[in-house]
Structure formats: structure tokens, C-alpha cells
Amino acid sequence: MAGLHKSEFKNPVIRWVDTRLPLFTMMNKEYAVFPTPKNFNYFWNFGALASVQLIVMIATGVLLAMHYVPNAHMAYGSVQSIMRDVNYGWLLRYIHANGATMFFIVVYVHIFRGIYYGSYKNPRELLWMLGVVILLLMMATAFMGYVLPWGQMSFWGATVITNLFSAIPVVGNHITTWLWGGFAVGNPTLNRFFALHYLLPFVLLAVIGLHVAALHVTGSNNPLGIEVKGPQDTVPFHPYYTVKDSVGLCVFFLIYAAVVFFAPRFFMAPDNFIPANPLQTPPEIVPEWYFLPFYAILRSVPNKLGGVVLMFSSILVLFILPWLDTSKVRSARFRPMYRPFIFLLVIALVVLGEVGAHKPEGNWVLIGRLATTYYFLHFLVILPILGKIEKPLPLPESIGKPVLGGGPVPGGAAAKPMEHA
Amino acid sequence: MRPFILASLLAGGLVASAVVLPRSAQAQETALPHVNWSFEGPFGTYDRAAAQRGYQVYKEVCSACHSMQYVHFRDLAGIGLSPAQIKALAASVDVPTIKADGSAGTRPGLPSDAFPSPFPNPEAAAAANNGAIPPDQSQLLDARAGGADYIYAILTGYVKPPVGMHIAPGLYYNKYFPGHLIHMPQPLQADQVTYADGTKATIDQEAKDVTTFLAFVSNPEMEARKRMGVHIVLFLALLVGVTYAAKRKVWADVEH
């Protein structure tokens, strides 16, 4: 048959499989010899960290699901049983619950990396947009996972967030009833949230597959934000980046382990150790830290529908970021005016996080509104204008020769890594 | 190196804000006194003697009103009770059961039984306590901002109310309770229990002991967790060093 793949593997078994299904050839091409810019800094660890973390979450999640009972009367007790009676159940749950926090830290740094080094620009727009889809899926998954222990904050958080949909004119109340499977958050809600919380990570896995596939078409961006000019600019992914990602992964696991083993309840709200009680609202309903900035945006608008629209827009605006940023230069290193604005954006987000943790009273309202205004101003006004008026610094000629203004090429040294391939 | 520092700063900042933000939402009304607990810190363990005395306080005082439904007699091995002691303690309670002829009855408890609850249902608990349901104590420590310090403060926080303050019947003044008016009457009195080990049963002592016991039942896995954590953190720290050395070696001949 003409269709058989020509395999270059020597091992007869691998070769037999590879000629019929060239998985080994693909893995070799995409993860071993894959030419990768040689100038990555440690920010480029975070994509790999995020994919590893998803696997950790799925593995622990599947094991937890074997002991968890998605029933409003039994959910809280089943979590207690996981913590007390299941062998190493406490370990699984602490890895999983704190894993959400670690996952969001990693993904937020990953997104910051993309914004700072302009990774979303032509030709990586679709790659970026798939990333935003991943963020949305992650948020939905995290939210539904938080409901499962069926504590007070689970219950009331679910009530607040699902109620947001009631702001939609005309059909809003029908949508919330449909989401709840009843007239309030209850057993049917818990059941479907469990089903979706189990399903969405696999959807995530698929979208991450597309994200990585798109990455392997365009190739990675790099700290200089200029395209790869030839083999002298790249190193094969293995061993150069497998080993560098391993360093980051070990540091990540070290911090993660410190949290899991020595401060596992640090990120957990005390109220969620009280079983869900539909008749008693906790004094304050605060979401997990990773949602606080968006919660603050929601509450900075006095109108419910307006707040909901603004909150969702704060994520959706990222979809059109590649077209809002009119500058052709990617890396903030060469954009003297863009740089301070990114740090302002980060400050605005941290401030919004702080605002989200407080009751919307007094100065917090004003601070929240100012930070919200800056957030949208940054994307919708500043970015489009900056690209027109900013004078970027001169770009280096190539990655292999990052010295500005030319000069003699250092004799062949840059090409050396390829000899390892 | 600079971007690495930037990356760590950003990651650190995210961790820091993640740490600061949820806490700042729950400011305490009255500052809690801090007690040096045996179970604090990365190597802390439960003081066995205090936890056993605490169990006595729970059994003789707290359990009159509070349930502890997720804790089983067998769990008491974690505070140093022997299998024989646990068996005897469990056998001292009657557990509802269905007898062979189908009629309701009781049987002596087993180590696998959960601690008995004082009330058959929440309605009975509320009816007996002026409308307030005494919270289950299985994980009370984690369910309150301030944890052990808060529980200890509440137990020792019954003081004279400010002059002129009206206190409705069935409510009690507590310095540390949010809003100061609590449904629980002062639970501990001096010499309310007689400790077998001769420790003097002051209110302060009883409060510390029972808090240690409540800390244990909230996190029975703590000692095993910290032991495992020390090993894992040391191993990972070593692995970071080895991996970084490998990375330096691999990258040694690349100009970048």
C-alpha cells in the first residue's frame, strides 16, 4: 500500500506501529527535534506547567470522584469521609483543592507573558483566542468544582453566580430556573454541576490540544518578539527545553507541596466548613481569590445587567486584543510607552482583587470604579492609540545576533546547538 | 536572569495577593489573644495529654449539646488511646439498631461507630436551645476565622457586659463573639471536670485542652501530613538542585 508511513525508527516494534500510525514520528517531530527559539526566559515555563497541572487535576479528580457523592444530603458528609476515612483521601483532596489555586497562578502568569511579549499578534491570533477559550472553560470548571463540597460558600456562591443570568432581559428568570433544575439552587443543581465538572476538563484537554497544535504551526514567540530567521536562532525542544521546563516544574511542585502539606486550608474560606444551609446567608459571600477582580468589576456598576455585561466583557475583550493592539512590534522590551501601561494594568487587576474582597462600601466603590475604568481604557483606547503614536526602539536583526545595529556575526558559535539534534 | 527575577516576582506577587486578599475580607472585631499551641508550625504535633484531657471535657461538657457526627471512636487512636480503651469507651454508649425481629432497639457501641449526637434532629436541638442549633464540632476549628485562637477566646470570653447593655433572656455576653451576644451560656467552670492526671481544672486549662482536642478532630491527618511534607519538600528541594545542574550542563554550549 502506498499509504504506509516511511518510518525512520530502527526498533522493529516501534517501526511496525509507526508505519501504520506515525505517532512516534509525530512525537519526535513535535517534541524532540521541534525547533524552538533559543532565547526563552523562565516565563516560557508556564505553558508546560499549566498542562502538567491539568493532568494533576484530572488524576486527583477522577480518584476523588470514586468517593464523592453528588447528592445534596450526602455531599458534605462524603467529603468528610474522604478527609477522614479514605486512605490518603486528605492528600488527594488537598492536592485537588489547592491545585485550582496553583492552576490559576500559573495560567495568569502565562497570560501575562503573552501580553508582555505580544504573543497574541499576527500570526498567533487564533492561538491566543483558543487560550481565552481555555481560560473561560477553566473558570467554569473551577466555579462548579467549588460548589461540590456543598458548604455554605459553595451553596451561596452558586446562588450568586447563577443569579447573574437573571439579569438578562425577558428570558433571564427562565434561564436561571433552567440552570438550577428547580426554583433555587438544590439537589438537581449539584447533580448537574458534578456532571459538568467531570466533563469540562476533558473539553479543556481537547481545546489545549488545539492550542498546542496551533502553536506548532506558528512556532513559539520569544522574549525579543521577532521571528526565527533560521536554524542558528533555534535549539531542538529536547533536551534544551525539556530540561529547562523540568527546572520550572520542580520549583512549581516545591511551592505546591509546601502549600498542600503545611498550609492546606490557607485558601479555603472558613464558611465552607459549615454545611450548606439555604435558610442562612453567610455575612459575606466572597468568591475564591482568582475570581475577585472580576467580582469587583461586576459590583462596580450600580445596575445589575450593566455589571454582568461588564464582567463578561472583561474577559471577552481579550478575544479581540490582537486587533485592538495596533503596534506591529511584539515584545514590550522595544515598546517604551507600552511597558508602563502593562504594569498599570497589572496594578489595576491587583487593586480590583483587593476591592473584590471588601464589601462595596465607602471608598472601595470609587477605587473599584477607577480600576475598572482603567482596565477597559487600557484595552479599548490606550492600546489602539499607542500603536499609532509610539516610536518603538530598534529591533535586533535576529535572535542569534541580538546585538543592536549589526556588527560582525560571531563565528558559527550560534549554530552549534543543532549538532546535538 | 532578569526575566527570571521578573517571573518570580510576578508569581510571588500573585501568591502574595492570593494570600492577602481572602484574609482581609474577615477582619476580627476584637483582637484574639494568641495561644502557643502544640500543633502549630511545620513540625507541631498534638499534645497527647492535653488532647486526652480535652476529650474528657468534650465528653462531659460539650457533648451535652454539640454533636460530632463525623468522628468515630476508632479515631481516638490519634490522641494516643489504646485499642482496649477505645473499645471500652465505645461500648459505654448505646447505639440505635434494628434487632433481628425487626423491632427498634439499641446495642453497645463499637470502635467503628460515630460519636453519638445529643439530639435526634436539628429541630430538637433548636427547641432545646432557645432556637439556636449548637454547631457540629467535627470541623469547628476550620469553620471559624481565627481557628484555635478563636475557639479558646470564645470559651474564656464570658465577661461582665458593659454597663447599661440590655441582654435578652437566653443570650449571653461574650467579648469575642461577633456582635457579642451568644446563645451558648458559659460552658466551662473551674473544676467542672476532674482530670485523672491531676492537672488543675481551671477554666483556662479546660479551654486549652478542649481546643487541642477540637483541633485534632478537625484535622486528624495533620501529623501524618506534616511528616510526609517534610520528606517531600526536602526531596523536591534536592531535585530542583539536580535539575538545575542538568540544565546548566545541557545549555553550557549554547550562546543565549
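Reader: Among contacts in chain A between residues at least 6 apart in sequence, what percentage join residues at least 24 apart?

Author: In this predicted model, the share is 74% of the contacts in chain A between residues at least 6 apart in sequence. For chain B, counted over contacts between residues at least 6 apart, 60% join residues at least 24 apart.

Reader: Okay, and how many helices and strands does chain A have?

Author: Chain A has 15 helices and 2 strands. Its radius of gyration is 24 Å, close to the 22 Å that the globule rule gives for 421 residues, so chain A is as compact as a globular protein of that length. Along the principal axes, the C-alpha trace of chain A spans about 75 × 60 × 45 Å, and 42% of the 421 residues count as buried.

Reader: Which domains does the assignment give for chain A?

Author: The assignment gives domain 1, made of 33–225 + 233–279, and domain 2, which covers 286–392. The C-alpha centres of these two domains of chain A lie 22 Å apart.

Reader: How many residues of each domain are in contact with the other?

Author: On the domain 1 side there are 23 residues, and they are in contact with 20 residues of domain 2 of chain A. The elements of chain A that give two or more residues to the domain 1 side are helix 5 (89–116) and helix 6 (125–147). Helix 6 gives the most to that side, with 7 residues.

Reader: How does the domain 1 side divide into nonpolar, polar and charged residues?

Author: The residues on the side of domain 1 that touches domain 2 divide into 17 nonpolar, 4 polar and 2 charged.

Reader: Let me switch to the inside, then: which residues have the most contacts inside the largest nonpolar core?

Author: Those residues are A:Phe103, A:Val106 and A:Leu352, in a core that has 95 residues. Helix 5 of chain A provides the largest share of this core, 16 residues. Both domain 1 and domain 2 of chain A give residues to the core, so it lies between them.

Reader: And A:Phe103, what is that residue in contact with, leaving aside neighbours within four places in sequence?

Author: With those neighbours left aside, A:Phe103 is in contact with A:Ala50, A:Gln53 and A:Met57. Apart from the largest core lies another core, of 37 residues, and B:Ala51, B:Ala90, B:Ala143 and B:Tyr176 are among its members.

Reader: Those are chain B names, so what pattern does chain B follow along the sequence?

Author: Read along the sequence, the pattern of chain B is α-α-α-β-β-α-α-β-β-α-α, with 7 helices and 4 strands in the chain. Of the 256 residues of chain B, 30% count as buried.

Reader: Going back to chain A, which peptide bonds are cis, for instance the ones leading to A:Pro123 and A:Pro239?

Author: The bond from A:Asn122 to A:Pro123 is cis, with omega near 10 degrees, and A:Pro123 lies in the loop between helix 5 and helix 6 of chain A. The bond from A:His238 to A:Pro239 is also cis, with omega near 5 degrees, whereas A:Pro239 lies in helix 10 of chain A, residues 237–262.

Reader: What about phi of A:Trp150, and is that residue buried or exposed?

Author: A:Trp150 has a positive phi of about 60 degrees although it is not a glycine, and its place is in the loop between helix 6 and helix 7 (152–163) of chain A. It counts as buried because 24 C-beta neighbours lie inside 10 Å, where 20 or more are needed.

Reader: And A:Val170, buried or exposed?

Author: A:Val170 is exposed, because 7 other C-beta atoms lie within 10 Å, and the cut-off for exposed is 12 or fewer. Its phi is near 65 degrees, a positive value in a residue other than glycine, and A:Val170 sits in the loop between helix 7 and helix 8 (172–180) of chain A.

Reader: One last thing, what is the mean pLDDT of chain A, and where is the pLDDT below 50?

Author: The mean pLDDT of chain A is 93, and 95% of its residues reach 70 or more. Over residues 405–421 of chain A the pLDDT is below 50, and this stretch has 16 contacts in the model beyond near neighbours in sequence. Where pLDDT is low, the predicted coordinates should not be read in detail.

Technical notes
Residues numbered from 1 in each chain as written. Chains lettered and ligands numbered in written order. Predicted model: local features only at pLDDT ≥ 70, side-chain atom pairs only at ≥ 80, totals over all residues. Domains from an automatic or database assignment. Contact = placed C-beta atoms within 7 Å. Nonpolar A, V, L, I, M, F, W, Y, C, P; charged D, E, K, R; others polar. Rg over C-alpha atoms; globule rule 2.2 N^0.38 Å. Core = buried A, V, L, I, M, F, W, Y, C linked by C-beta atoms within 7 Å. pLDDT = per-residue confidence, 0-100.
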